[in-house]
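Here is a walk through one protein chain, starting with its rings and ending with its charged side chains. Keep the viewer open while you read.

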Amino acid sequence: MKKLSVIALVAVGLLAASCNKEKSADKAATTTEQTVAEGKGEVLAVDAATSVVNWKAFHKGGFAPRWGTISVKSGELNVENGQVAAGNFIIDMNSIKVDPASVTEKDKKPADLEAHLKNPDFFDTAKNPTSDFKITSVADLKEAPKDAVAGANKTVSGNLTLSGKTVNVTFPAKVDVVDNSASIQAKFTVNRADWGIKFGTSEADPAEWGISKDIEIAVDVKAKK
């Protein structure tokens, strides 16, 4: 039944694709896990109350996009010579939320979709309750891509662990250090398959090719003394 419903979604999605919004974030460059940057300098604690990760996912053809938030649990940013040089933050995968505004079908409920994202079809949060990001490098950005976050001034690389697998991702970001505080803002797209996250049993499974592999991520992390 699940596969039949996905096939139906694909058919409708292909017809509606021309009416859907285009993705708004470039794909992050990825590579194998890298050496984490040494945490030197002043340590600023991530403010979990004001930090958040936003996400957006799609059915094939851009049909029926879903979006929401995931809470940042904890972390720290290391500031050396007035610049963010290292850091990490932990994401609470059980906090994943689906914005009700993204669920327009009468037979769908945000809470049901949240439960689905938490189950083994996707992130299996019972087995992997947290994800984390560990900075491997921060470099000056010469020219920001058109879809980068506004004010992007750095290129940030880090090891992103999802569902127990670690992949290094690189993306443009706005990194600020002001008055005993620091922040990182960024938006980028990743391919969930790089972390082995799949809905169907194989690439040939309609349940798999009915869901886009692209996930848009927008990071807003703030740290202070």
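In this predicted model, the count of aromatic pairs comes to three. Take phenylalanine 89 and phenylalanine 133 to begin with: their ring centres sit 5.5 Å apart, and with 35° between the planes the pair is tilted. The two rings come from distant parts of the chain, with phenylalanine 89 in strand E5 (residues 83-98) and phenylalanine 133 in strand E6 (residues 130-140), 44 residues apart. Both phenylalanine 89 and phenylalanine 133 are buried.

Next up are phenylalanine 171 and phenylalanine 188, which form a stacked pair, 4.2 Å centre to centre and 10° between the planes. This pair also links distant parts of the chain: phenylalanine 171 belongs to strand E8 (residues 165-178) and phenylalanine 188 to strand E9 (residues 181-191), 17 residues apart. Are these two buried or exposed? Phenylalanine 171 has a relative accessible area of 4%, so it is buried. Phenylalanine 188 comes in at 3%, so it counts as buried too.

Now put the four rings together. Phe89, Phe133, Phe171 and Phe188 make up one aromatic cluster.

Time to zoom out. The protein chain has three helices and 10 strands. Reading from the N terminus, the order of elements is α-β-β-β-β-β-α-β-β-β-β-α-β. The protein chain has 225 residues, and 41% of them count as buried. If you look at contacts between residues at least 6 apart in sequence, 66% of them join residues at least 24 apart. As for the outside, the accessible surface of the protein chain is about 11600 Å², and carbon and sulfur atoms account for 53% of that.

A couple of loop residues deserve a click when you check the backbone. Most residues other than glycine have a negative phi. Which value does serine 163 take? Its phi is near 50°, a positive value in a residue that isn't glycine. You'll find serine 163 in the loop between strand E7 (154-162) and E8. With a relative accessible area of 24%, serine 163 falls between the 20% and 50% cut-offs, so it is partly exposed.

Asparagine 180 is another one: its phi is positive, about 60°, although it is not a glycine. Asparagine 180 sits in the loop between E8 and E9. Its relative accessibility is 47%, so asparagine 180 counts as partly exposed.

Arginine 66 is worth a look as well. It is found in strand E4 (residues 66-80). Is arginine 66 buried or exposed? At 11% relative accessible area it is under the 20% cut-off, so arginine 66 is buried, charged side chain or not. A polar atom of its side chain lies 3.1 Å from the backbone oxygen of serine 102. Beyond neighbours within four places in sequence, arginine 66 is in contact with a list of residues that includes Trp55, His59, Ser102, Glu105 and Leu113.

That brings us to charge pairs. Side chains of opposite charge can pair when their charged atoms come close. How many salt bridges does the structure hold? There are eight salt bridges, and the table lists some of them.

| Salt bridge | N to O distance |
|---|---|
| Glutamate 38 and lysine 40 | 4.0 Å |
| Lysine 174 and aspartate 176 | 3.8 Å |
| Aspartate 220 and lysine 222 | 2.8 Å |

How covered are the partners? Glutamate 38 has a relative accessible area of 58%, which is over 50%, so it is exposed. Its partner lysine 40 is at 41%, so lysine 40 counts as partly exposed. In the next bridge, lysine 174 is partly exposed at 26% relative accessible area, and aspartate 176 is partly exposed at 27%. In the last one, aspartate 220 has 18% relative accessibility, under the 20% cut-off, so it counts as buried. Lysine 222, on the other side of that bridge, is partly exposed at 31%.

Definitions and conventions:
Residues are numbered from 1 along each chain as its sequence is written. This is a predicted model: local features need pLDDT of at least 70, side-chain atom pairs count only at pLDDT 80 or more; totals for chains, interfaces and linings use all residues. Side-chain values use heavy atoms; hydrogens and water are left out. Rings of Phe, Tyr and Trp (its six-membered ring) pair if their centres lie within 6.5 Å; planes under 30 degrees apart count as stacked, over 60 as edge-to-face and the rest as tilted. Helices (H or I, at least four residues) and strands (E, at least two) are DSSP runs, numbered from the N terminus. Buried means under 20% relative accessible area, exposed over 50%, partly exposed in between (1.4 Å probe, protein chains only). Contact means heavy atoms within 4.5 Å. Accessible areas come from the Shrake-Rupley method with a 1.4 Å probe; for residues, only the protein chains shown count as cover. A salt bridge is a side-chain nitrogen of Lys or Arg within 4 Å of a carboxyl oxygen of Asp or Glu. A polar contact is a pair of N or O atoms within 3.5 Å; within protein, one must be able to donate a hydrogen and the other to accept it, and residues adjacent in sequence count only if both atoms are side-chain atoms.
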